[in-house]
Every structure is written in structure tokens, then in C-alpha cells.
Amino acid sequence: MSRSPRQFYEFGPFCLDISERQLSQEGKLIALTPKAYQTLLVLVENSGQIVEKEYLMRSVWPDAFVEEGGLTRNISVLRKVLENGSDASYIKTIPRRGYRFAVKVRKRTEKVPNLRWLNSAGEEENLPISGDEIVIGRSSDADLVLANAYVSRRHAKLVKESQGYAIIDLDSSHGTFVNGQRIDRCELQSGDRVSLGKDRVELVYYTDEGDTAGKTTDCHDAKSAKEASRE
């Protein structure tokens, strides 16, 4: 269930996925040979700077001697891919020296939310979360097992949404609370404190945006809803 954050370089309509070693244009994958990809990556990582030919060749072919023509062919392929039907000039030639990636590049790291809590020994534990659903409970087959008598076997679950995760109570005996408010369902913000059961076992939800929440929520109040349904 855990994974490392994916990193991207974005420029113009293109996205270079470092983790998957893929280039895409507005979501459509573009086929590149491994050496063409590596050439592009070195240029993008040094955007705005002159990259000497010798440095490029050592980076792309570290264990082999390659004529300069191999590098020239890679540059030609990349220009066709990046500049096809566009007036933009992505790769500038610096005569007798090398090349410069001339387009502004933005580096982005994918958010990986996580839960933090203290275990029975008082030690902090951390769970990066990435699945579509993460069940929390006392049962051994839960995705996050909390060994507490007042936590239900399947107490609550995290559900992935477009902007992050929501937590849903699974008809637990002693309730699920977000920032002190009992809920049926709640969209989580970074820093929200989730408490489970009679002992209020506490977990804190974080994204890479930091601790920004932990205040009164607008989540659906389970107790109020049930009382209203009886009126």
C-alpha cells in the first residue's frame, strides 16, 4: 500500500515522469528510446544552463564510447518530438560547446497522504496511503490494524477522492470523530485529527501541504443526523 512519491518535470504541454521514465503531452504518452529519454532528462534537469557535449555523452553513455553523432541524433529526435507543429524552440545549440534547454521547467512532486499515530508502546508510526480504500479497525485483515478493545473490527475506511481522502464510519460501536466532532463521513484536510472508539485512539492525517487543519469541520454529524431522522 505504501509507495514513494512520484516526481515530474513539466514544461509547455509536456510532462516528464521521472519515476516511470515516460514523456507525455497533455496526457498522451510519447515513445522515446531509453537514450533519448536520458538525454532529455539531463537537459531538463539543467534547464537554462549550457550542458557541455562531453557531459551529456558521459551521462547518457557512462560505460561506452560513443561518437558525437549519437548525441546529435538524439537531439534531432527530441526536437522533432517537442517542436512538432509549434513555434517554440526547446533545445538551443551553443556552437562548439553543447546545448541548453530553453523553456521554463517546473518540478512537481505527487502528494502522498499519510496517517500518523502513537502505538501501544508510545512510539510514533507512519502509514503512507495510496489505495482507493483503506479499512481501519481491530480485525487482523484490516489495512490498518489498531489493537484496541473499543475500536470495532471494521471501524472506518478512507476513500480516495479527487482532492485527497474522505473518512467514512462503518457503523462502529463507539463512533468516528474528526477534530472532536462525530461524523458519518468527512473529507479530510492536512492536520485533521481522527479519533476512533471509546478510548478515542487518535490518528492525524497529513499531506505534503503540512499541518493546516485541526479546526472545526463542516463534516456530517452522525449523531445529529440520526436524531433529526427521528423527529
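Residues 24 or more positions apart account for 42% of the contacts in this protein, counting those with a separation of 6 or more. The model you are looking at is predicted. Its chain has 231 residues, and 41% of them count as buried. The secondary structure comes to four helices and 19 strands. Let's walk through some of these pieces together.

A good place to begin is a sheet of three strands. It is an open sheet with the order β5-β7-β6, and the pairing is antiparallel. The strands at its edges are β5 (50–52) and β6 (91–94), each of which pairs on one side only. From one strand to the next, the twist averages 30°. Look at the pair β6 and β7 (residues 98–101): four bridges join these antiparallel strands. Within this pair, I91 stands opposite F101 of β7.

Now see what lies against the sheet. Helix α1 (residues 34–45) lies across β5, β6 and β7, and runs at about 65° to β7. Helix α3 packs on the sheet too, where it touches β6 and β7, and its direction makes about 145° with that of β6.

Let's stay with α3 for a moment, as you can check its length yourself. This helix covers residues 68–83, which is 16 residues; at 1.5 Å a residue it should span 22 Å, and its end C-alpha atoms are indeed 22 Å apart, so the two values agree. Which residues of α3 are buried? They are G70, L71, N74, I75, L78 and L82. These buried residues cover an arc of only 135° around the axis, which puts them on the same side of α3. The general rule behind such a pattern is that an α-helix has 3.6 residues a turn, so residues three or four places apart point the same way. On the face of α3 turned away from the buried side, you will find the exposed residues R73 and K80.

Helix α2 (residues 53–60) tells a similar kind of story, with K53, L56, M57 and V60 buried. Their arc around the axis is only 95°, which means that they sit on the same side of α2. What do the buried residues of α2 pack against? Their partners are α1, β5, α3 and β7.

Next, find R106, which lies in strand β8 (residues 106–109). Its relative accessibility is 46%, and because partly exposed residues fall between 20% and 50%, R106 counts as partly exposed. R106 and G12 are 94 residues apart in sequence, yet their C-alpha atoms are 9.6 Å apart in space. Leaving out residues up to four places away in sequence, R106 touches F8, Y9 and E10. With E10 there is also a polar contact of 2.5 Å between the two side chains.

Finally, turn to H155, in the loop between β12 (144–145) and β13 (156–161). Is H155 buried or exposed? Its relative accessibility is 0%, so H155 counts as buried. If we set aside neighbours within four places in sequence, H155 is in contact with I136, G137, Y150, D169, L170, S172, G175, T176, L196 and G197. One of these, S172, also makes a polar contact with H155, side chain to side chain, at 3.2 Å.

How values were computed. Residues numbered from 1 in each chain as written. Predicted model: local features only at pLDDT ≥ 70, side-chain atom pairs only at ≥ 80, totals over all residues. Heavy atoms only, no water. Helix = DSSP H or I, 4+ residues; strand = E, 2+ residues; numbered from the N terminus. Expected span 1.5 Å × (residues − 1). Buried < 20%, exposed > 50% of the residue type's maximum accessible area, 1.4 Å probe, protein only. Arc of directions from axis to C-beta. Contact = heavy atoms within 4.5 Å. Polar contact = N/O pair within 3.5 Å; in protein donor to acceptor, adjacent residues only side chain to side chain. Pairing = 2+ DSSP bridges. Axes fitted to C-alpha atoms, helices over the stretch in contact; angles between N-to-C directions.
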